[in-house]
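Open the model in your viewer and show side chains. The stops below are given in the order in which to select them.

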Amino acid sequence: AGVDGRKLSCRDIEKQLQWIVDDSKLEDANDIEKRLPVMTAADRSAWAQFREQYMGEGVTRASLEAIERAIFVLVFDDATPSHPKDSIAQEDAVAHQAIHGNGFNRWFDKSFNLIVYANSRANLNVEHSWADAPVAAHMWEWILSAEYNGPGYDDFTGMNKAIPSETIKLVPPLRLRFNFKEEAITMIDAATVAARRAIDDLDLRVVRHDAYSKGLMKRVGMSPDGYIQMALQLAYFRDAGHFTQTYESSMTRLFRHGRTETVRPVSMESTAFVRAMENPDISNKERASLLRKAVDK
């Protein structure tokens with residue numbers, strides 16, 4: 001907001017963000033300040049201990065309070081991730097960046113991190129306790145819709161074309177400062193090593209399926225949700241060689257005090273379909289019939 005608390009226009013926000021970018025070039029954060037967010041990736045007990053011992057007073061406490069009062073964290077990331085050409089054989093750099101970044105350039109305790117990359121890609125890292133996936137997805141969908149239907153951006157300046165209806169006196173953004181004892185730095189070093197180890201241990205591939213979509217499922221009279229659940233049942237059976245109890249979240253947040261409920265998709269009908277898919281003596285027509293029964297169940 002401005003000096004008088006009025007909401008900033010798109011152009012005003014752009015000016016503030018540009019000020020931050022320019023200021024960071026004049027004075028870079030020191031190594032410990034850069035790596036401080038890694039503590040939010042550490043064990044909960046270690047992070048709680050660190051906060052209590054080293055972030056409870058002075059400028060460090062004030063900076064922490066400023067971060068925690070914020071609704072979300074905006075990350076300008078110098079990385080330029082892209083999706084692989086072969087989504088099955090190659091790991092997805094965009095997904096990796098969304099989940100963990102470099103281990104210390106995300107504040108994992110926030111409701112969400114909005115991450116914008118040097119190649120203009122963007123994604124979200126969402127902390128799960130405050131909301132379920134549809135909430136973040138609906139927010140992202142609204143943002144994309146507003147962008148698509150908005151005035152756009154000037155080709156020369158890159159500024160939003162929307163002309164502010166009023167002039168607002170801007171307050172320059174305040175750089176956050178931190179002051180740590182030597183033993184605190186030791187904990188940050190240890191957390192950095194642990195985060196790097198966890199990142200290196202993560203194999204992540206995001207399969208981009210474009211052979212058909214939910215439109216085909218609807219045209220043949222099947223629920224897309226049920227169809228996907230049966231695909232998951234079949235894939236798990238082929239990988240593990242047996243069935244297991246399955247959890248699927250069902251959104252109930254449109255009802256008072258609702259959030260999610262549990263759906264158990266495994267049924268006699270679903271197991272019959274899976275076994276039919278694995279039996280070469282059963283025709284595709286019969287398999288399709290069993291699939292429909294499983295989805296309808």
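At what angle do helix H3 and helix H7 pack? This is a predicted model. Select residues 44–54 for H3 and residues 182–200 for H7: the angle is about 160 degrees, and the axes are 11 Å apart. An angle over 145 degrees counts as roughly antiparallel, so H3 and H7 are roughly antiparallel to each other. Their crossing is left-handed.

Next, select Asp43, in the loop between helix H2 (31–35) and H3. Asp43 is exposed, with a relative accessible area of 59%. Add Ala194: the two C-alpha atoms are 9.7 Å apart, although 151 residues separate the pair in sequence.

Stay on H3 and pick Arg44, which forms a salt bridge with Asp109 (2.9 Å, N to O). Asp109 lies in the loop between helix H5 (93–100) and strand S2 (112–117), so the pair ties H3 to a part 65 residues away in sequence.

On H7, select Arg196 and Asp200, whose side chains meet in a salt bridge at 3.2 Å, N to O. These residues are 4 apart in the helix, about one helical turn. Arg196 is partly exposed at 38%, whereas Asp200 is exposed at 55%.

Now go to Arg177 and Glu27, where the closest N and O atoms of a salt bridge are 2.7 Å apart. Arg177 sits in the loop between H6 and H7 and Glu27 in the loop between H1 and H2, so the bridge ties together parts 150 residues apart in sequence. Add Asp23 and Arg175 to see the network of salt bridges that links these four residues.

Finally, select Ile71, Phe72, Leu74 and Phe76, which make a nonpolar surface patch of about 390 Å². Phe76 is in strand S1 (residues 73–77) and is partly exposed at 44% relative accessibility.

Technical notes:
Residues are numbered from 1 along each chain as its sequence is written. This is a predicted model: local features need pLDDT of at least 70, side-chain atom pairs count only at pLDDT 80 or more; totals for chains, interfaces and linings use all residues. Side-chain values use heavy atoms; hydrogens and water are left out. Patches are made of residues with over 30% relative accessible area and no salt bridge: like charges are joined within 9 Å, nonpolar side chains (Val, Leu, Ile, Met, Phe, Trp, Tyr) within 5 Å. Accessible areas come from the Shrake-Rupley method with a 1.4 Å probe; for residues, only the protein chains shown count as cover. Helices (H or I, at least four residues) and strands (E, at least two) are DSSP runs, numbered from the N terminus. Buried means under 20% relative accessible area, exposed over 50%, partly exposed in between (1.4 Å probe, protein chains only). Axes are lines fitted to C-alpha atoms, for helices over the stretch in contact, and angles run from 0 to 180 degrees between N-to-C directions. Angles under 35 degrees count as roughly parallel, over 145 as roughly antiparallel, 65 to 115 as roughly perpendicular and the rest as oblique. A crossing is left-handed if the near helix is turned anticlockwise from the far one by less than a right angle, and right-handed if clockwise.
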